[in-house]
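Work through the exercises below with the model open. Each task is followed by a worked solution.

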Amino acid sequence: MITNKDMAAQTAEFLLTVKAVKLNNEHPFTWASGRKSPIYCDNRVTLSYPEIRTFIRQHFVEIINETWGDVDVVAGVATGGIPQGALVAQELGKPFVYVRSEQKSHGLTNQIEGELHAGQSVVVIEDLVSTGKSSLIAVKALREKGATVKGMAAIFTYGLQVAADNFKNENVELVTLTDYDTLLSVARERDYIHPDSMESLAKWRENPEQWSEDHMNA
């Protein structure tokens with residue numbers, strides 16, 4: 001869900017301007033899974049730009065206040081959600097924790113770093129949502145600790161149906177600053193992509209696996 005279309009468009013333009021998001025049909029990117037994709041997203045780049053970093057922080061704060069109200073703790077999902085979450089927690093004057101993808105194999109074997117108590121309400125900060133799997137692992141860990149997860153806010157989502165299904169199944173409300181549809185619209189308006197690329201980019205979102213297979217065999 002996006003709460004503000006102007007905010008979504010501005011966020012998308014920022015991501016494209018600093019190349020936090022890159023689009024390329026002719027020479028697809030290879031994800032860690034091995035799949036081919038016409039889009040690559042690394043929102044950590046935004047941290048190097050104070051204006052954009054502040055914009056993202058402030059809109060996260062607005063979303064939290066307007067959507068979920070007061071919370072006890074802000075949690076960041078490792079690794080991209082850690083700096084974003086810490087900035088938000090600082091602005092809200094709230095405690096901050098972060099959640100690893102799994103427990104450490106040494107030391108105190110923590111999965112959640114920081115002080116969190118059963119019964120506390122938490123909002124989760126994420127930089128990017130693809131399938132939602134890693135994001136929801138963090139939610140599960142927080143819930144197992146006894147926390148009440150009010151929802152999750154992320155900078156960007158690909159808008160994949162599998163992610164929507166995963167969040168619905170786990171009863172987690174997701175709000176993002178921008179999304180794939182908005183990004184494509186802004187990219188087209190600002191001539192970041194050729195009009196002929198739009199159909200292929202739309203098809204990727206409909207079926208990423210098939211798109212990847214077609215381009216690996218091309």
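The exercises go from the sheet to the helices, the aromatic rings and the cores.

The model is predicted, so local features need pLDDT of at least 70 and side-chain atom pairs count only at pLDDT 80 or more, while totals for chains, interfaces and linings use all residues. Residues are numbered from 1 along each chain as its sequence is written, and side-chain values use heavy atoms, with hydrogens and water left out.

**Exercise 1. The sheet**

Task: Give the strand order of the open sheet and find its edges.

Solution. Strands and helices are DSSP runs numbered from the N terminus (E, at least two residues; H or I, at least four). Two strands pair if DSSP finds at least two bridges between them.
- Step 1: The open sheet has 6 strands in the order S7-S6-S5-S8-S9-S10, and the pairing is mixed.
- Step 2: S7 (112-113) and S10 (174-179) each have a single partner strand, so they stand at the edges with one side lacking a neighbour in the sheet.
- Step 3: S5 (residues 73-77) and S8 (residues 121-129) run parallel and are joined by 4 bridges. Within S8, Val-124 is the bridge partner of Ala-75.

**Exercise 2. Helices across the sheet**

Task: State how H4 is oriented to S8 and H6 to S10, then describe the packing of H6.

Solution. Axes are lines fitted to C-alpha atoms, for helices over the stretch in contact (heavy atoms within 4.5 Å), and angles between N-to-C directions run from 0 to 180 degrees.
- Step 1: H4 (residues 133-144) lies across S5, S6 (96-99), S7, S8 and S9 (148-157), at about 165° to S8.
- Step 2: H6 (residues 180-189) lies across S9 and S10, at about 10° to S10.
- Step 3: Buried residues (under 20% relative accessible area, 1.4 Å probe, protein chains only) of H6 include Tyr-180, Leu-183 and Val-186. The buried residues of H6 pack against H1 (5-17), S1 (21-23), S4 (39-41), S9, S10 and H7 (198-206).
- Step 4: Asp-191 follows H6 and has a positive phi, near 65°.

**Exercise 3. Rings around Trp-204**

Task: Classify the pairs that Trp-204 makes with Tyr-158 and with Tyr-180.

Solution. Rings of Phe, Tyr and Trp (its six-membered ring) pair if their centres lie within 6.5 Å; planes under 30 degrees apart are stacked, over 60 edge-to-face, and the rest tilted.
- Step 1: The count by this rule is 7 aromatic pairs.
- Step 2: Tyr-158 and Trp-204 have ring centres 5.5 Å apart and planes at 80°, so this pair is edge-to-face. Tyr-158 is in the loop between S9 and H5 (161-169) and Trp-204 is in H7, 46 residues apart.
- Step 3: For Tyr-180 and Trp-204 the centres are 5.3 Å apart and the planes at 55°, so this pair is tilted. Tyr-180 lies in H6 and Trp-204 in H7, so the pair ties together parts 24 residues apart in sequence.
- Step 4: Tyr-180 is buried at a relative accessible area of 1%, and Trp-204 is also buried, at 1%.
- Step 5: Trp-31, Phe-156, Tyr-158, Tyr-180 and Trp-204 form one aromatic cluster.

**Exercise 4. The cores**

Task: Find which helix gives the most to the largest nonpolar core.

Solution. A nonpolar core is a set of buried Ala, Val, Leu, Ile, Met, Phe, Trp, Tyr and Cys residues joined through side-chain atoms within 4.5 Å.
- Step 1: The largest core has 41 residues; among those touching the most other members are Phe-60, Phe-156 and Tyr-180.
- Step 2: H2 (residues 50-67) gives the most, with 7 residues.
- Step 3: Beyond its neighbours within four places in sequence, Phe-60 is in contact with residues including Val-88, Ile-125 and Leu-177.
- Step 4: A second, separate core of 23 residues includes Ile-112, Val-124, Leu-136 and Met-152.

Conventions: Buried < 20%, exposed > 50% of the residue type's maximum accessible area, 1.4 Å probe, protein only.
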